[in-house]
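Good morning, everyone, and thank you for making room for this short talk. Please have a look at the structure on the screen before I begin.

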Amino acid sequence: MSGNFFEALHQIATEKGITREMIEEIVQSAMLSAYKKQYGITKPVDITFDREKNTVKIISRKMVVRVPKNHAEEISLEEAQKIKPDVKFGDEVIVEENPLETFGRIAAQTAKQVILQKIKEAEKNIVYDEYKDKVNELINGYVQRKTKEALYIDLGKTEGIIPAREQSPLEHYKIGDRVKAIVLSVQKNSKGPSVVLSRAHPKFVEKLFEMEIPEIYDGIVKIVNIVREPGMRTKVAVTSDRDDIDSVGACVGMKGVRIQSIVRELEGEKIDVIEYSPNKKVMASNALTPAKVKEIIETRDGGVIAVVDNDQYRLAIGKNGHNARLAAKLCGFNIDIKTEDQYREFLSSSESRALVEQLFATTSEGETPLEELPGLDARTIALLEAGGIFSVEDLVEKSVEDLMNIDGIGEKTAQKIINIIQEYVDFEEEDYEDEQEDKQE
């Protein structure tokens with residue numbers, strides 16, 4: 001095999017990032033396939049490479065016969081004596097063959113096909129290995145083509161795809177435009193690795209913050225959470241362990257210069273950078289930025305009520321409710337936004353009375369919560385709490401008639417509650433009988 005062949009092969013391999021060892025494996029595989037095609041047998045042969053001379057040889061053992069019929073296993077005496085002068089009929093000699101001289105046209109074509117196929121497979125594996133380690137990393141590319149369903153990005157060695165769902169509705173690209181995105185996932189398929197990119201994922205904004213804000217890159221300011229509705233608004237909660245660092249100020253920059261570069265990359269999408277707080281009230285108030293919150297009231301279900309001035313209500317809710325949704329998502333609990341008028345109306349309702357009782361008349365220390373009483377479902381517990389009963393100790397003092405006076409509890413439910421009390425609550429018998437007699441009187 002000529003040196004030019006190897007030089008061409010190595011040039012292709014270098015361009016595609018394939019190592020010399022991998023190329024030799026590919027050529028070896030191709031030679032074995034061609035040998036099998038040439039002789040129709042799978043007899044073991046050795047393939048050796050001479051890296052200095054850029055040559056490859058096929059080495060096999062052949063028996064010396066008078067008239068060779070199977071050229072893969074037999075050799076004539078005349079040919080054998082060129083290799084070993086004192087050889088005799090019946091001896092075996094080691095024969096080194098040049099594939100270019102040994103293989104016919106069909107075998108050579110087989111070798112060529114195997115080499116091309118193996119190089120393509122190696123190239124796919126190299127691209128896959130390279131990009132699977134770049135998931136969640138920021139990369140650049142150029143718009144190669146676009147359809148309604150996706151943008152196809154030239155990444156150099158391969159093509160990435162940004163599906164429509166991973167694009168911001170504010171962004172519009174032309175062929176050849178430079179695009180920045182994160183690698184969302186990498187998958188193998190028959191046509192090569194599929195590299196899916198995203199500009200809509202919150203991780204994309206996080207990477208932009210790392211790129212534009214040195215304090216975040218160095219870990220001085222930490223991003224606690226990011227929530228986003230692409231094209232509408234992004235909220236970023238940040239904090240720092242250092243008292244001398246203004247987390248929000250570091251992200252916004254002098255006259256907003258740092259945050260503006262990120263806003264430009266997101267084609268004008270609004271970004272709220274807020275200070276993270278473990279205090280639920282403070283966090284909810286911060287999360288509703290840019291609206292100003294007048295008061296935050298915690299509810300027993302884990303959420304809060306945010307009271308805002310009338311002129312702040314639409315700002316707190318946001319267009320189509322996006323500000324309220326993102327704030328709740330950022331905090332991880334429900335935020336019920338009310339104006340002062342709505343809150344006053346709420347306070348006069350039975351719902352609010354139950355809420356106030358829940359907040360201020362919850363079980364005292366040493367009392368048993370209703371949830372610990374087996375057989376009481378969540379709806380019944382809610383009705384009892386709305387009726388001012390918050391502990392098992394409160395409940396055992398009630399009669400069927402008392403329970404029926406609570407909104408939502410009928411006779412059957414009241415009797416069921418009494419039966420549960422009798423089954424699961426241990427009374428001192430004398431006290432319980434006296435209690436029931438007193439109720440009957």
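I will go through the nonpolar cores, one arginine, the sheet it belongs to, and an aromatic pair. Please keep in mind throughout that this is a predicted model.

Let me begin with the cores, and with a general remark: in soluble globular proteins, nonpolar side chains tend to be buried together. Here the largest nonpolar core has 23 residues, and those with the most contacts inside it are Ile18, Ile23, Met31 and Phe103. At least two residues of this core come from each of helix H1 (3-15), helix H2 (20-39), strand S2 (55-65) and helix H5 (105-132). If we leave aside residues up to four places away in sequence, Ile18 touches Ala13, Ile23, Ile119, Ala122, Glu123 and Ile126. Apart from this core lies another one, of 22 residues, including Ala306, Ala316, Ala327 and Cys331.

Now to the arginine, Arg228, which is found in strand S10, residues 221-229. Is Arg228 buried or exposed? Its relative accessible area is 7%, and because buried means under 20%, Arg228 counts as buried. The side chain of Arg228 reaches two backbone oxygens, that of Arg199 at 2.7 Å and that of Ala200 at 3.2 Å. Not counting residues up to four places away in sequence, Arg228 also touches a number of other residues, among them Ser168, His201, Phe204, Glu269 and Leu326.

Strand S10 brings us to an open sheet of three strands, in the order S10-S11-S12 and with mixed pairing. S10 and strand S12 (270-275) stand at the edges with a single partner strand each, so one side of each is left without a neighbour in the sheet. Neighbouring strands of this sheet are turned against each other by 20° on average, direction ignored. Strand S11, residues 233-240, pairs with S12 in the parallel sense over six bridges, and Val238 stands opposite Glu275 in S12. Across S11 and S12 lies helix H10, residues 280-287, which runs at about 160° to S12.

Finally, how many aromatic pairs does the structure hold? There is one, and it is formed by Tyr343 and Phe346, whose ring centres are 6.2 Å apart and whose planes are at 20°, so the pair is stacked. Both residues lie in helix H13 (residues 340-347), three residues apart, which is about one turn of the helix. Tyr343 is buried, with a relative accessible area of 15%, and Phe346, at 10%, counts as buried too.

Note on methods
Residues are numbered from 1 along each chain as its sequence is written. This is a predicted model: local features need pLDDT of at least 70, side-chain atom pairs count only at pLDDT 80 or more; totals for chains, interfaces and linings use all residues. Side-chain values use heavy atoms; hydrogens and water are left out. A nonpolar core is a set of buried Ala, Val, Leu, Ile, Met, Phe, Trp, Tyr and Cys residues joined through side-chain atoms within 4.5 Å. Buried means under 20% relative accessible area, exposed over 50%, partly exposed in between (1.4 Å probe, protein chains only). Helices (H or I, at least four residues) and strands (E, at least two) are DSSP runs, numbered from the N terminus. Contact means heavy atoms within 4.5 Å. A polar contact is a pair of N or O atoms within 3.5 Å; within protein, one must be able to donate a hydrogen and the other to accept it, and residues adjacent in sequence count only if both atoms are side-chain atoms. Two strands pair if DSSP finds at least two bridges between them. Axes are lines fitted to C-alpha atoms, for helices over the stretch in contact, and angles run from 0 to 180 degrees between N-to-C directions. Rings of Phe, Tyr and Trp (its six-membered ring) pair if their centres lie within 6.5 Å; planes under 30 degrees apart count as stacked, over 60 as edge-to-face and the rest as tilted.
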